[in-house]
Amino acid sequence: MPALTAVNAERYQLSDSALIARANEQMQNEGVCVLPQFITASAVRAMVSECDTLAPLAHRSAPRRNPYLTKAPSAGDGTAATVLHDSLEVLAYDHFPASSVLRQLYESEALLEFIRACLGVEQLYRYADPFGALNVSIMRDGDVLDWHFDMTDFVVSIALQSSSHGGDFENASRIRDAGEEAIADLLSGDRRRVRVEPMSAGTLMLFNGRRSMHRVSPIVGRVPRYVALLAYDTKPGTDSTDELKLSRYGRLPTKSRT
Ligand SMILES: O=C(O)CCC(=O)C(=O)O
């Protein structure tokens, strides 16, 4: 299946200037843009089947960290001292063969250009991280990704499969701007600022998680939740740290011999 036939052309033309203008506006005003049925049902099926096959290779981790992802929570330091737990499995970019429908979509220039235009940035590059550039989060019964802010300006995700129950993407848009007290209230269970972003299979979401605290609610049931994360940056050559690679993928790239 050629990469761009994965995009639902009946609903989305990647050069549609009105669509791009709406996406720009939503990113500006809300820090999130949700495009339902962006991927065709048959491409979603192919991508889920790839993930089913590769799932035994995924790395399972259960990190403890604070909401800002600065690993070691420091005692007596307000919300930064809150210790939260995640548990999930992740498939890395290098697990996906060149024939993978998901990989081909990520590597297509047309998608890169569409995402660049929707984000309203001058330049956009795929991540240089050989594991994280494209990765798939697999969450099973009992897994959770608790409240956090991202350390990057934006995340692009594609929902591939919803869990039987739970697994909602919950978002408190722009709560970082509301201050420490609002963040503390949310961490203690105040849901007034929380919105569940609709992420049915095939949805593409652009998200600015640096200012919006978000989580994936606990997964319940037999069907795992699959979400693909497509990483980009406005600077070329951006890679993640060895520490993050070890925590999320359980390994480091093998050094090439000179
Ligand atoms: O799995 C998701 O839908 C979101 C993942 C997420 O929050 C993140 O990578 O920061």
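# Strands, cores and a ligand shell

Reader: In which sense do β10 and β13 pair, antiparallel or parallel?
Author: The model is a predicted one. In it, four bridges link β10 and β13. Across one of them, Ala172 has Met213 in β13 as its partner. The sense of the pairing between β10 and β13 is antiparallel.

Reader: Which residue of β11 stands opposite Phe169?
Author: Strand β10 covers residues 169-172, and strand β11 covers residues 195-197. The two strands run antiparallel and share three bridges. The residue of β11 that faces Phe169 is Glu197.

Reader: Phe169 is also part of the shell around the ligand. How many residues of that shell are charged?
Author: The shell includes Ser137, Leu145, Asp150 and His214. Six of its residues are nonpolar and four are polar. The number of charged residues in the shell is one.

Reader: Which strands each supply at least two residues of that shell?
Author: Val155 and Ser157 are in the shell, and strand β8 spans 155-161. His214 and Val216 are there too, and strand β13 spans 213-216. Val227 and Leu229 also surround the ligand, and strand β15 spans 225-230. The strands that each give at least two residues are β8, β13 and β15.

Reader: Let us turn to β4. How many bridges join β4 to β6?
Author: Strand β6 holds residues 134-139 and runs antiparallel to β4. One pair to look for is Glu89, which stands opposite Ile138 in β6. The count of bridges between β4 and β6 is three.

Reader: Which residue of β4 is the bridge partner of Ser61?
Author: Strand β2 covers residues 59-61, and strand β4 covers residues 84-91. They pair in the antiparallel sense over three bridges. The partner of Ser61 in β4 is Leu88.

Reader: And which residue stands opposite Arg65 in β4?
Author: Strand β3 is made of residues 64-65. Two bridges hold β3 and β4 in an antiparallel pair. The residue of β4 opposite Arg65 is Leu84.

Reader: Which residue of β7 is the bridge partner of Ser87?
Author: Strand β7 runs over residues 144-148. It pairs with β4 in the antiparallel sense over two bridges. In β7, Ser87 is matched with Val144.

Reader: Is Asp86 buried or exposed?
Author: Asp86 is placed in strand β4. Its contacts beyond four places in sequence are Ala62, Pro63, Val144, Leu145 and Asp146. A residue needs 20 or more other C-beta atoms within 10 Å to count as buried. Asp86 has 21 within 10 Å, so Asp86 is buried.

Reader: How far apart in space are Asp86 and Asp143, C-alpha to C-alpha?
Author: In sequence, 57 residues separate Asp86 and Asp143. In space, C-alpha to C-alpha, the distance is 7.2 Å.

Reader: What is the burial class of Val48?
Author: Val48 belongs to helix α2, residues 41-54. Leaving aside neighbours within four places in sequence, it touches Leu160, Gln161 and Tyr226. The buried class starts at 20 other C-beta atoms within 10 Å, and the exposed class ends at 12. Val48 has 16, so its class is partly exposed.

Reader: How far is Val48 from Arg193 in space?
Author: The two residues are 145 places apart in sequence. Taken C-alpha to C-alpha, their separation in space is 32 Å.

Reader: Which helix gives the most to the largest nonpolar core?
Author: This core has 56 residues, and Leu102, Val136 and Ile138 are among those with the most contacts inside it. The helix in question covers residues 109-119 and adds five residues. That helix is α4.

Reader: How many residues are in the second core?
Author: The second core is separate from the largest one. Its members include Ala172, Ile175, Ile183 and Leu186. Its residue count is six.

Reader: Now the whole chain. What is the radius of gyration of the protein?
Author: The protein has seven helices and 16 strands. Its C-alpha trace spans about 55 × 45 × 45 Å along the principal axes. For 258 residues, a compact globule would come out near 18 Å. The protein agrees with that, at 18 Å.

Reader: What share of the contacts with a separation of 6 or more joins residues 24 or more positions apart?
Author: Glu89 and Ile138 give one example of a contact. Among contacts with a separation of 6 or more, those between residues 24 or more positions apart account for 85%.

How values were computed:
Residues numbered from 1 in each chain as written. Predicted model: local features only at pLDDT ≥ 70, side-chain atom pairs only at ≥ 80, totals over all residues. Core = buried A, V, L, I, M, F, W, Y, C linked by C-beta atoms within 7 Å. Contact = placed C-beta atoms within 7 Å. Near = placed C-beta within 6 Å. Nonpolar A, V, L, I, M, F, W, Y, C, P; charged D, E, K, R; others polar. Pairing = 2+ DSSP bridges. Rg over C-alpha atoms; globule rule 2.2 N^0.38 Å.
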